[in-house]
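Reader: I'd like to go through this one with you and ask how each label is earned. Could you show it first?

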Amino acid sequence: MTDDAHAPADQHAAVVVIGAGQAGLSVAYHLRRLGLSSGSDLVLLDRAPSTGGAWQFRWEALRLGAAHRVHDLPGMNAMGLRFDDADRARPARDVVGEYYRRFEQHYDLRVRRPVAVTSVSRTGDDGGLRVTTRSPGGRVGRIDAEVVVNASGTWGTPFVPWYPGRDRFRGRQIDTTEYRSAAEFAGQDVVVVGGGTSAIGFLLELDGVAARTRWFTRRPVVWSGSASLDLESAVAAVDEQDRAARGGETLPSIVSGTGVPISRRIRAGLDRGVLRESPMFVRLDETGVVTADGEHVHADAVIWATGFRADLRHLAPLHLRTSAGGIVVEDGRSVDEPRLFLAGYGPQASTIGANRAGRRIARAVMDTLAAR
């Protein structure tokens with residue numbers, strides 16, 4: 001129990017959902033259908049300034065279907081909305097933001113934003129959980145909840161591995177969240193690091209804009225051999241995520257288990273030689289990177305498209321993290337803190353399983369409330 005637990009709460013709620021991306025909205029939708037009232041029984045918090053989850057921060061050139069697929073939220077079809085029918089000439093961030101805004105309004109979810117959750121702690125004898133927040137202007141808020149659903153995703157915690165010389169490199173270094181446009185790298189030599197769809201998208205956008213690009217990956221890229229995600233590989237990847245979550249381990253990348261689907265755009269990039277990866281370099285120096293065989297590759301910029309980690313920093317007061325780096329989660333629920341559910345985590349960490357899990361988590365939340 002922290003000192004914050006002794007301060008009076010601003011509000012009591014049955015359920016607080018942290019995050020209004022796909023996972024959070026899916027759970028909130030089902031909780032509303034099961035009878036919870038928005039704003040009183042159900043409080044939905046989001047730290048982002050607008051709708052769309054992490055998609056609102058994606059780079060302007062990214063289009064739906066280019067390398068990512070966005071699955072419809074439950075209840076979107078009833079509104080006459082489908083991402084498969086969306087305008088693919090518009091930036092994906094604009095389309096997703098608009099569709100999510102209409103979804104929130106239609107189902108009266110009353111998301112509070114921008115509200116950052118700084119901590120989740122135990123309140124003491126009553127067995128509740130306290131959600132402490134910070135709003136613009138530094139205002140601190142406290143909501144006591146019977147159940148918390150964490151759906152904070154990964155966008156806030158990009159992972160950039162340490163390599164010798166990274167602090168010596170005099171050029172620009174950015175991670176995926178900081179990429180805005182290929183035009184920023186016009187005429188430059190750019191090194192892209194990472195074996196996922198973001199790295200591939202950057203390389204394709206930089207082609208013909210940057211002077212030269214070079215692609216490095218920590219492991220060989222696995223191409224799926226088809227233009228869409230293979231069902232068998234997807235199931236295997238979800239199973240591996242589930243195993244890691246149940247073991248309290250750091251979650252593996254979904255792409256590492258499914259492979260990268262070869263769309264027509266990616267096939268063209270492969271044929272042009274734009275998408276030709278090299279084994280990971282061993283160090284950086286002031287002007288570039290050095291490979292294992294001693295080749296020096298000049299770089300004006302390095303883009304670290306090396307993935308993300310689950311954003312769980314605000315859960316630290318609950319002391320749930322294991323020595324293996326994760327939280328023990330079974331069927332979307334923390335084993336060590338049964339009043340905490342994690343949506344979009346482990347086997348739900350991509351659009352493969354997030355929507356389906358929303359219904360299961362909502363029902364388990366209602367069972368927990370009924371038992372209290």
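**How the labels are earned**

Author: Let's start with one pair: Val-191 stands opposite Arg-214 in β8. The model is predicted, so local features need pLDDT of at least 70 and side-chain atom pairs pLDDT 80 or more, while totals for chains, interfaces and linings use all residues. Residues are numbered from 1 along each chain as its sequence is written, and side-chain values use heavy atoms, with hydrogens and water left out.

Reader: How do you know that β7 and β8 pair?

Author: Two strands pair if DSSP finds at least two bridges between them. Strand β7 (residues 189-193) and strand β8 (residues 212-217) have five bridges, in the parallel sense, so they count as paired. Strands here are DSSP runs of E, at least two residues, and helices are runs of H or I, at least four, numbered from the N terminus.

Reader: What makes β6 and β9 edge strands?

Author: The open sheet has five strands in the order β6-β13-β7-β8-β9, with parallel pairing. Both β6 (172-175) and β9 (277-279) pair on one side only. Neighbours in this sheet are turned by 25° against each other on average, direction ignored; the axes are lines fitted to C-alpha atoms, and angles run from 0 to 180 degrees between N-to-C directions.

Reader: And why are β10 and β12 called edges?

Author: Their open sheet has three strands in the order β10-β11-β12, paired antiparallel. β10 (283-285) and β12 (296-298) each have a single partner strand, so one side of each is left without a neighbour in the sheet. The average turn between neighbouring strands in this one is 30°, direction ignored.

Reader: How do you know that β11 pairs with β12?

Author: Three bridges join strand β11 (residues 288-290) to β12, and at least two are needed. Val-289 stands opposite Val-297 in β12.

Reader: How do you know that the span of α1 agrees with its length?

Author: The expected span is 1.5 Å times one less than the number of residues. For the twelve residues of α1 (residues 22-33) that should be 16 Å, and the end C-alpha atoms are 17 Å apart, which agrees. Just after α1, Gly-35 takes a positive phi of about 115°.

Reader: What makes α1 mostly covered?

Author: Buried means under 20% relative accessible area, exposed over 50%, partly exposed in between (1.4 Å probe, protein chains only). Ten of the twelve residues of α1 are buried, among them Leu-25, Val-27 and Tyr-29. Across the chain, buried residues make up 51% of the 372.
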